[in-house]
Number of protein chains: 4
Amino acid sequence: MIKVGVLGAKGKMGAQTCLAVEGADGLELVARLDQGDELDELTKAGAQVVVDFTRPEVVMGNLEWCIERGIHAVVGTTGFDDERLATLRGQLEASPGTGVLIAPNFSIGAVLMMQFAAQAAPYYESVEIIELHHPDKVDAPSGTARRTAELIGAARREADSAPIPDATTTELEGARGAEVDGIRVHGIRLQGLVAHQEVMFGRTGEVFTIRHDSMNRESFMGGVILGIRQIGDTPGLTVGLEHFLDLG
Amino acid sequence: MIKVGVLGAKGKMGAQTCLAVEGADGLELVARLDQGDELDELTKAGAQVVVDFTRPEVVMGNLEWCIERGIHAVVGTTGFDDERLATLRGQLEASPGTGVLIAPNFSIGAVLMMQFAAQAAPYYESVEIIELHHPDKVDAPSGTARRTAELIGAARREADSAPIPDATTTELEGARGAEVDGIRVHGIRLQGLVAHQEVMFGRTGEVFTIRHDSMNRESFMGGVILGIRQIGDTPGLTVGLEHFLDLG
Amino acid sequence: MIKVGVLGAKGKMGAQTCLAVEGADGLELVARLDQGDELDELTKAGAQVVVDFTRPEVVMGNLEWCIERGIHAVVGTTGFDDERLATLRGQLEASPGTGVLIAPNFSIGAVLMMQFAAQAAPYYESVEIIELHHPDKVDAPSGTARRTAELIGAARREADSAPIPDATTTELEGARGAEVDGIRVHGIRLQGLVAHQEVMFGRTGEVFTIRHDSMNRESFMGGVILGIRQIGDTPGLTVGLEHFLDLG
Amino acid sequence: MIKVGVLGAKGKMGAQTCLAVEGADGLELVARLDQGDELDELTKAGAQVVVDFTRPEVVMGNLEWCIERGIHAVVGTTGFDDERLATLRGQLEASPGTGVLIAPNFSIGAVLMMQFAAQAAPYYESVEIIELHHPDKVDAPSGTARRTAELIGAARREADSAPIPDATTTELEGARGAEVDGIRVHGIRLQGLVAHQEVMFGRTGEVFTIRHDSMNRESFMGGVILGIRQIGDTPGLTVGLEHFLDLG
């Protein structure tokens, strides 16, 4: 039984995490903390792994506290830059055996999509990304689409791929989408949609497509639970859930 | 047996039409003419219906000649404006019983897609168009996508539809596609694709999609054959293959 | 303002209907009744239209009561056969001006899909249906898929369509799906899905697809609201929401 | 420049291979042989790599001849069982430095689809396969769909996955498809289609889909060319194109 504490337990993701931990085999929810609660409750409850869905202003303090006590952490809070990651690495060196996972995206499907897309990229002449979301989304393209484009762009550069063919000479402004790292990205906004993405690859005579449909926040819980289960065996700092997936 | 003559028989569409006529039940190919041939061959061969895939410079002369002789015409040649259509209407009044079909698109699937999209439009809050083509295409969006957007825009205006919801405030240029008559249109270009279009409609809790995949020029022949079979029973001028489809 | 009463207001669909009526322009929810409540409350509240999501055992009594009082009814309750419909027609003759809509499916998208599929059927050689649902569904194929197949089958018979081509000689049992009225139907069951259906048509060189994705019960409310708005102007018995859609 | 000879050069795949070799950078087509031609022409022409698209009855003799002379081979001919593979391994031991690739499927997209599907399988509760082909296909499901199902089945067993959820109790015969190694497989046959496959994975709140569309025989040439380029650096016997793809 792995004893789990949740920080930011009253937030949307934190609350969902509490539900998911309670429903998962081999995990026990021993502490749910939010603003105003004392971190000491984690040690009192014997938490071995902490899940942090708090805010950029407090997450570094939370993690320092956990690392000093040998409590592993699975972190969905945003705002990590190189400096913060370096700080964490330093703290973890002083606490060997403790593991911290920083994951910008806990959706296993989104992570698989990005990994597979990067692997497939060198074998195709063309690639474009279509992301489809509900109309309340304020940014276009989505962060996942941008990240996917960057990974594909890097894979194509490494493979020394030829430029993507495109004979367009007459374009109504915007028709060919936005360009991220040389990759065309199209954002669809439609009532009734939730969060979806399609990566299309093409070469003469064939098209290869990877698609991910995320219906709700529950879809992130698979990745959170996977992180909790594996972080105890993964000392040091890990950035990105993909390192916990066995994609050999 | 309907006796059919083809004008522009050596062009890509004309040649395909000859093949299709030869393979169709109840049709007989009696004349295949191209540049330099005499129209008289049509009457000598007893052509009842002529298919014209020629050029804007010669099509009006061809049609006048046919109408005067009571030969029906199915026309895929481009370049018809209101003036040309008015001219044809005048000529057809003087030759009652003769029919001319001017069709900018002979693909039955494309015509169904446009008709159904216009019919569905009033029942949905959101709609966007994605067209996907081979990378040798020079214009974006495609003519079919523009026309579909115009038909949807008109249907929405007639139904007094509310504005399409879209909360986008941060957009990488082009991410949300081009706008045609208030409808967002996205053009994908990918090696391996031919000609495809998807119209997506959405309202709370549901998405409705119409998709058309055209693999090759053969896909236009269904509409040409349908036109040949029906034009004899449809005197006067008809613009658009949709009028020959029974979509009641 | 149309005054609306809901019968079966505590059931899933009834409760959803109450929410939808409250949120709709021009409608006022004046009565919500369930088992044990008196129908008299409808007249006391001045209900002009009643929505019935009750049970086959009580719906006929409810409707008789409403028709006698000139209250229009929109009915989602199941279990109507020819005998029941004949009974209702008789009652409605005695109450001219009163309208009753019996709708087996209130999803506008599902109704559009079925109507368009029947209209497209005569123009294609091949057609198959794929329905995709969550794995808790107990029947395969879905009722909507069966109904779609029957409509397509009827349209093909009326158009005297040639048999669907299929050269399969070696089949692993079930690989080619079930057959409903001559149409192949395939049922996919997948965790993460809700309720989806795709109708694919094909002819040489082109494929035409109609797809409907229903994410939740809210997707039925568009049809219920449409029914409430139009039933007052549609005296007599109407079976099927399609008659309230303008698909001319 | 790699000098390439083609065996079975008059067959469909062989002819396509000749075209592809002639169009590929760094490859030179030096011999095209078919029934009745002497294998000696390969050595006379200096062939370094041979592509074999012949028949099961002659391929073993061709390969023995090539291996003895240190000519590498890329083989698309079918009919290899364990005994034949053992024979080849024995012959290759006696000719160190020589490489033979036996590939049942040269489509890079199909190989990627199978590899990614096997990798994704352990992370999802549900999985089903839909393969879609032209109606002239005689077997259902397709060989690729069967192979994909076997790979997924094996990956699920290795990961000790729970049984796939399915509450179906009422099934019209065939509605839930065929079962291959515990995986449901559905075969669609439609005029207008070529060769397509979709693998759908699902877990609570998300669906992950991998799709491959193959439009024509050209789509296999990417894999053949890749094989020719790499076989010289891959001594011994390799079974399956996936070993030549960098999917680390």
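This tour moves from one whole chain to the relations between chains, and then to three single residues in a predicted model.

**Chain A as a whole**

Begin by selecting chain A and colouring it by secondary structure, which shows seven helices and 13 strands. If you orient the C-alpha trace along its principal axes, it spans about 65 × 40 × 35 Å. Switching to a surface view, you are looking at about 9900 Å² exposed by chain A, of which carbon and sulfur atoms supply 46%. Of the 248 residues in the chain, 56% are buried. Contacts can be displayed next: among those joining residues at least 6 apart in sequence, 71% are between residues at least 24 apart. Finally, colour the charged side chains of chain A, where 21 are positive and 36 are negative, and where the centres of these two sets lie 3 Å apart.

**Chains A and B**

Add chain B to the selection and superpose it on chain A, for which a rotation of 180° is needed, with 0.0 Å of shift along the axis and an RMSD of 0.0 Å. The two copies are therefore related as by a two-fold rotation axis. To find that axis from the side of chain B, select B:Gly174, whose C-alpha, at 1.9 Å, comes closest to it among the residues of the chain. The same surface serves both copies, since 100% of the contact residues of chain B recur in chain A.

**Chains A and D**

Now hide chain B and show chain D beside chain A. Here too the superposition, of chain A on chain D, takes a rotation of 180° with 0.0 Å of shift along its axis, and the RMSD is 0.1 Å. The residue to select in chain A is A:Ile210, whose C-alpha is the nearest to this axis, at 2.4 Å. The same surface is again used by both copies, with 100% of the contact residues of chain A recurring in chain D.

**A:Val49**

Staying with chain A, centre the view on A:Val49, which lies in strand E3, residues 49-52. With a relative accessibility of 2%, A:Val49 counts as buried, because it falls under the 20% cut-off. Leaving out residues up to four places away in sequence, its contacts include A:Ile2, A:Lys3, A:Val4 and A:Gly5, together with A:Ile71, A:His72, A:Val74, A:Ile228 and A:Ile231. For a distance to check in the viewer, take A:Leu7, which is 42 residues from A:Val49 along the chain and 11 Å from it between C-alpha atoms.

**D:His196**

Move to chain D and select D:His196 in strand E11, which runs over residues 195-203. D:His196 is buried, its relative accessible area being 4%. A polar atom of the D:His196 side chain lies 3.0 Å from the backbone nitrogen of D:Val194. Beyond its neighbours within four places in sequence, D:His196 is in contact with D:Ile130, D:Glu131, D:Leu132 and D:His133, and also with D:Arg211, D:His212 and D:Asp213.

**C:Ser161**

The last stop is in chain C, where C:Ser161 is placed in the loop between helix H6 (143-158) and strand E8 (170-171). Is this residue buried or partly exposed? C:Ser161 is partly exposed, with a relative accessible area of 25%. Apart from neighbours within four places in sequence, C:Ser161 is in contact with C:Pro122 and C:Arg156. To close, draw a C-alpha to C-alpha line from C:Ser161 to C:Val207, which are 46 residues apart in sequence and 17 Å apart in space.

Note on methods
Residues are numbered from 1 along each chain as its sequence is written. Chains are lettered from A and ligands numbered from 1 in the order in which they are written. This is a predicted model: local features need pLDDT of at least 70, side-chain atom pairs count only at pLDDT 80 or more; totals for chains, interfaces and linings use all residues. Side-chain values use heavy atoms; hydrogens and water are left out. Helices (H or I, at least four residues) and strands (E, at least two) are DSSP runs, numbered from the N terminus. Buried means under 20% relative accessible area, exposed over 50%, partly exposed in between (1.4 Å probe, protein chains only). Contact means heavy atoms within 4.5 Å. Accessible areas come from the Shrake-Rupley method with a 1.4 Å probe; for residues, only the protein chains shown count as cover. Lys and Arg count as positive and Asp and Glu as negative; His and the chain ends are not counted. The place of a charge is taken as NZ of Lys, CZ of Arg, CG of Asp or CD of Glu. Copies are superposed by least squares on the C-alpha atoms of residues with pLDDT of at least 70 in both. A polar contact is a pair of N or O atoms within 3.5 Å; within protein, one must be able to donate a hydrogen and the other to accept it, and residues adjacent in sequence count only if both atoms are side-chain atoms.
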